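Visitor: I have a structure to look through and would enjoy some company. Could we go over it together, one question at a time?

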Amino acid sequence: MWHHLLKLCRLLFLGLTLPFRIMKMLGLCAFYKRLFPLLAYNITSSYNVKMHEIKREVFRNIHRFTNTDGTLRLLEIGCGSGANFKFYPDGCTVICTDPNPHFEKYLQMSMQANQHLTYEQFVVVSGEDMKGIEDESVDVVVCTLVLCSVSDVQQVLREARRILKTGGAFYFLEHVVGDPSSWTYFFQHVLQPVWYYLGDGCMITRTTWKDIEAAGFSELHIKHIEAPQVTSMIKPHILGYAVK
C-alpha cells in the first residue's frame, strides 16, 4: 500500500515538471542559472545561522592538516557564495571552484567579509573534472551541500582524492535521504522531480555516505544527524572528514 501511494504521488509531481522540461528543451533555463546564485546566497545565509554550531564542529580540527611551515592550502568544491569561509582557520589559502560563474559577485562579497584568509583563485569548473588543479597539490578539500547536485558523486570523490596530498583530508557536510520507514523518505521521493528543477539539479534522495565509504580513503570519520530548524526534506545530514 505504502509503495503504491508513493508511486502514485510521485507520478503526480512528475507531471508538474512538464513546464520545466519544456523550458529546458527550449534553452530557457539559462536565466535561472543567473538567478540561482542570488537565491542560494540568501538561503545559505539563513542555513549558516541555523547550522552555525554544527559547521563549527565539522571544521573544528581542520588545523590538524596544516604543514610544518604553517601553511594550509584548501580547495572548496562548489564554493557557491563562500558560506564556509568564516569557519576556516586564519591564514589559510583558499582555491574556490564552482561550475556556475554567476556566483563570483557573491563570492567577492564573502571574501571582503573574511579577510583572515588568502584567496588564490576562483576556477569555473565542475567537481567531476578539475583538470586545472595539479595532483596532490592541496592539504584539504571541502565539499558542503554539493554532492546532492553533481552528476557523478564517485567521480567527484576520485577527483578530490587525486588533488589531495597523501595524509590530506576531505571534509563534507551533505543532506541525504531519510530513513525508508519515515515520512521524510516518502515526501523526499514524491517531491524529488520538482525539487530537481527548483534546486538547480539538487537530489534529495541520495545515499551519499555509501559513496564516501567506498571512495578508498584510509581513514573515515562520519556522523549521521538530523539538522536543526531546516525543512524536513533536507533534515537528514551526514558530516565528517576522510583522510587520504
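Visitor: Let me start with a strand pairing. Which residue in β2 stands opposite E76?

Guide: Happy to help, and please keep in mind that this is a predicted model. Strand β1 covers residues 73–77, and β1 pairs with strand β2 (residues 93–98) in the parallel sense over five bridges. In that pairing, the residue of β2 opposite E76 is C96.

Visitor: And which residue stands opposite E76 in β4?

Guide: β1 is also joined to strand β4 (residues 138–144), with three bridges and a parallel run. Opposite E76 in β4 stands V142.

Visitor: Is β1 largely enclosed or open, and how many of its residues are buried?

Guide: Buried here means under 20% relative accessible area. Strand β1 is largely enclosed by the rest of the structure, because the buried count among its five residues is four.

Visitor: Now β7, please. Which strands pair with it, and in which sense?

Guide: β7 spans residues 236–243. Strand β5 (residues 164–175) is joined to β7 by seven bridges, running antiparallel, and A169 stands opposite V243 there. Strand β6 (residues 219–226) pairs with β7 over eight bridges, with H224 opposite I238. The partners are thus β5, antiparallel, and β6, antiparallel.

Visitor: Which residues of β7 point the other way from P236, I238, G240 and A242?

Guide: β7 is mostly covered, with eight of its eight residues buried. Both directions are therefore taken by buried residues: P236, I238, G240 and A242 point one way, and the other way point H237, L239, Y241 and V243.

Visitor: Y241 is an aromatic residue in that list. Which aromatic cluster holds Y241?

Guide: The structure holds 16 aromatic pairs. Y241 belongs to one cluster made of F59, F65, F85, F87, Y88, Y119, Y171 and Y241.

Visitor: Are the rings of F85 and Y88 stacked, edge-to-face or tilted?

Guide: Planes under 30 degrees apart count as stacked and over 60 as edge-to-face. F85 and Y88 have ring centres 6.3 Å apart and planes at 50°, so the pair is tilted.

Visitor: Are F85 and Y88 buried or exposed?

Guide: The cut-off for buried is under 20% relative accessible area. F85 has 0% relative accessibility and counts as buried. Y88, at 3%, also counts as buried.

Visitor: F59 is in the cluster too. Where do the buried residues of α4 lie around its axis?

Guide: F59 sits in helix α4 (residues 52–59), where I54, K55, V58 and F59 are buried. They cover an arc of only 125° around the axis, which puts them on the same side of α4. As a rule, an α-helix has 3.6 residues a turn, so residues three or four places apart point the same way.

Visitor: What lies over the face of F217?

Guide: Here the partner of the ring is a charged side chain. At 5.8 Å from the ring centre of F217, the residue over its face is R161.

Visitor: Where is the kink in α7, and what is its angle?

Guide: Helix α7 (residues 183–198) has 16 residues and reaches 21 Å from its first C-alpha to its last, close to the 22 Å expected. The buried residues of α7 include Q192 and P193. The kink lies at Q192, shortly before the proline P193, and its angle is about 60°.

Visitor: Which residue with a positive phi follows α7?

Guide: Most residues other than glycine have a negative phi. After α7, with a phi near 55°, comes D200.

Visitor: What is the relative accessible area of E136?

Guide: E136 lies in the loop between β3 (118–124) and β4. Its phi is positive, about 45°, although E136 is not a glycine. E136 is partly exposed, with a relative accessible area of 44%.

Visitor: And L145: what separates its C-alpha atom from that of H175?

Guide: L145 is in the loop between β4 and α6 (153–163), and has a positive phi of about 55° without being a glycine. L145 is partly exposed, at 28% relative accessible area. L145 and H175 are 30 residues apart along the chain, and their C-alpha atoms are separated by 6.6 Å.

Note on methods
Residues are numbered from 1 along each chain as its sequence is written. This is a predicted model: local features need pLDDT of at least 70, side-chain atom pairs count only at pLDDT 80 or more; totals for chains, interfaces and linings use all residues. Side-chain values use heavy atoms; hydrogens and water are left out. Rings of Phe, Tyr and Trp (its six-membered ring) pair if their centres lie within 6.5 Å; planes under 30 degrees apart count as stacked, over 60 as edge-to-face and the rest as tilted. Buried means under 20% relative accessible area, exposed over 50%, partly exposed in between (1.4 Å probe, protein chains only). A charge sits over a ring if NZ of Lys or CZ of Arg is within 6 Å of the ring centre and within 35 degrees of the ring normal. Helices (H or I, at least four residues) and strands (E, at least two) are DSSP runs, numbered from the N terminus. The expected span of a helix is 1.5 Å times one less than its number of residues. The bend at a residue is the angle between axes fitted to the seven residues ending there and the seven starting there. Two strands pair if DSSP finds at least two bridges between them. The arc is that of the directions from the helix axis to the C-beta atoms.
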